[in-house]
Amino acid sequence: MRFAGKVALITAAANGIGRATATIMVREGATVIAVDNHQGRLDEAVPALRAAGGRAGKAEGRLVDALDAAQVDAVVAEVARDHGAIDILVNAVGGSTVIDRPTATTEELTLADWQKLIAFNLDGTFLFTHAVIPVMKRRRSGKIVNLASIAGRGLSFNSSSAYAAAKGGIIAFTRKLAHELGPEGINVNAIAPSVTLTERIRPHWEKRSQASQAEEIERTPLRRVAEAVDQANVICFLASADADFVTGLTIDVTGGV
């Protein structure tokens, strides 16, 4: 039970990588605070998480817009007050599909597209981290795990330069924050996924031609595309005591790409 007695706040927890992470943590004893901006998804996810936790863990849902500073500050204060601590923060908000053409070239991007992708992928991570830091510093312990992307390393051929810039920002933010918070006993790490077949990405994957899918699989040494649980397993490692001496690291979870 790696997460027995731990309070884990997970954003975008109602589906995708956030949901897969929440499922593992609640099974292993965590009290999971599942944050999402869609009430319908929360209504479905929270009972499923409670069932997965059984007698081991607990799950609560919170409807929050991760890009709204007032809402973020309020939910973090509420969770800290109700539970006495926030031991783990998983910043899972982000993605490339919030614009109409996720694969647009720089020439094709509008300023509005650029700003939307930067905000969606960086602002929520900053706001939740900013709010949680004082809570973790009071206990001189905590684990923060961010979601970057191999796009942030310039290795994605199916996403825009705006998405690459945003996820590169997550990698740099993670490294800088690790230096700031290490003396406070707080670990900060990230994962950089390749294409992962979440509920949001799978429809885009299925629209790709068989040749395009085959090319993606062929360039992956493990010869398959990631599922959400592949990413969640590494997040849970970084959030656990097994990674107590790991900080400032972004792990590429790509099947070897």
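These questions and answers walk through a predicted model, from its sheet to its helices, core and loops.

Reader: Let's start with the sheet. What is the order of its strands?
Author: We've got an open sheet with seven strands in it, and the pairing is parallel. The twist averages 15° from one strand to the next. Reading across, the order is E3-E2-E1-E4-E5-E6-E7.

Reader: Which strands stand at the edges?
Author: Look for strands with a single partner, because those have one side left without a neighbour in the sheet. That description fits strand E3 (58-63) and strand E7 (250-253).

Reader: How many bridges join E1 to E4?
Author: Strand E1 covers residues 7-11 and strand E4 residues 88-91, and the two run parallel. Alanine 8 stands opposite isoleucine 88 in E4, while leucine 9 has leucine 89 as its bridge partner there. The count of bridges joining E1 to E4 is three.

Reader: And on the E2 side, which residue is the bridge partner of alanine 8?
Author: E1 and E2 also pair in the parallel sense, this time over five bridges. Alanine 8 already stands opposite isoleucine 88 in E4. In E2, its bridge partner is valine 32.

Reader: Is E2 largely enclosed or open, going by its residues?
Author: Thr31, Ile33 and Val35 point one way from the strand, and Val32, Ala34 and Asp36 point the other way. Both sets are buried, and buried here means under 20% relative accessible area. With six of the six residues buried, E2 is largely enclosed by the rest of the structure.

Reader: In E3, what is the bridge partner of isoleucine 33?
Author: E2 and E3 run parallel, with six bridges joining them. To get from one to the other, the chain crosses through helix H2 (residues 39-53) in a right-handed β-α-β crossover. The partner of isoleucine 33 in E3 is glutamate 60.

Reader: Moving to E4, which residue in E5 does isoleucine 88 stand opposite?
Author: Within E4, Ile88 and Val90 point one way, Leu89 and Asn91 the other, and all are buried. Four bridges join E4 to E5, and these strands run parallel. Opposite isoleucine 88 in E5 stands lysine 143.

Reader: What angle does H4 make with E4?
Author: Helix H4 (residues 111-139) sits between E4 and E5 in a right-handed β-α-β unit. H4 packs on the sheet, touching E1, E2, E4, E5 and E6. The direction of H4 makes an angle with that of E4 of about 175°.

Reader: What about H1, and its angle with E1?
Author: E1, H1 and E2 make a right-handed β-α-β unit. Helix H1 (residues 16-27) packs on the sheet too, and its contacts include E3 and strand E6 (186-193). The direction of H1 makes an angle with that of E1 of about 165°.

Reader: How many residues does the largest nonpolar core have?
Author: Nonpolar side chains tend to be buried together in soluble globular proteins. Among those with the most contacts inside this core are Leu9, Val32, Val76 and Phe128. Val76, leaving aside its neighbours within four places in sequence, is in contact with Leu9, Ile86, Phe128, Ala131, Val132 and Val135. The size of the largest core is 63 residues.

Reader: Alanine 74: buried, partly exposed or exposed?
Author: Alanine 74 has its place in helix H3 (residues 69-83). Its relative accessibility is 45%, and the class between 20% and 50% is the one in the middle. So alanine 74 counts as partly exposed.

Reader: Which helix do the buried residues of H7 pack against?
Author: In H7 (residues 210-218), the buried residues are Ser212, Gln213 and Glu216. Down the axis of H7 they fall within an arc of 100°, so they line one face of the helix. Gln210, Ala211, Glu215 and Glu218 are exposed on the other side. The buried ones pack against helix H6 (202-207).

Reader: Where does arginine 223 lie?
Author: Most residues other than glycine have a negative phi. Arginine 223 has a positive phi of about 60°, and it is partly exposed, with a relative accessible area of 43%. Arginine 223 lies in the loop between H7 and helix H8 (228-239).

Methods
Residues are numbered from 1 along each chain as its sequence is written. This is a predicted model: local features need pLDDT of at least 70, side-chain atom pairs count only at pLDDT 80 or more; totals for chains, interfaces and linings use all residues. Side-chain values use heavy atoms; hydrogens and water are left out. Buried means under 20% relative accessible area, exposed over 50%, partly exposed in between (1.4 Å probe, protein chains only). A nonpolar core is a set of buried Ala, Val, Leu, Ile, Met, Phe, Trp, Tyr and Cys residues joined through side-chain atoms within 4.5 Å. Contact means heavy atoms within 4.5 Å. The arc is that of the directions from the helix axis to the C-beta atoms. Two strands pair if DSSP finds at least two bridges between them. Axes are lines fitted to C-alpha atoms, for helices over the stretch in contact, and angles run from 0 to 180 degrees between N-to-C directions. A crossover is right-handed if, with the strands pointing away from the viewer, the path from the first strand over the helix to the second runs clockwise.
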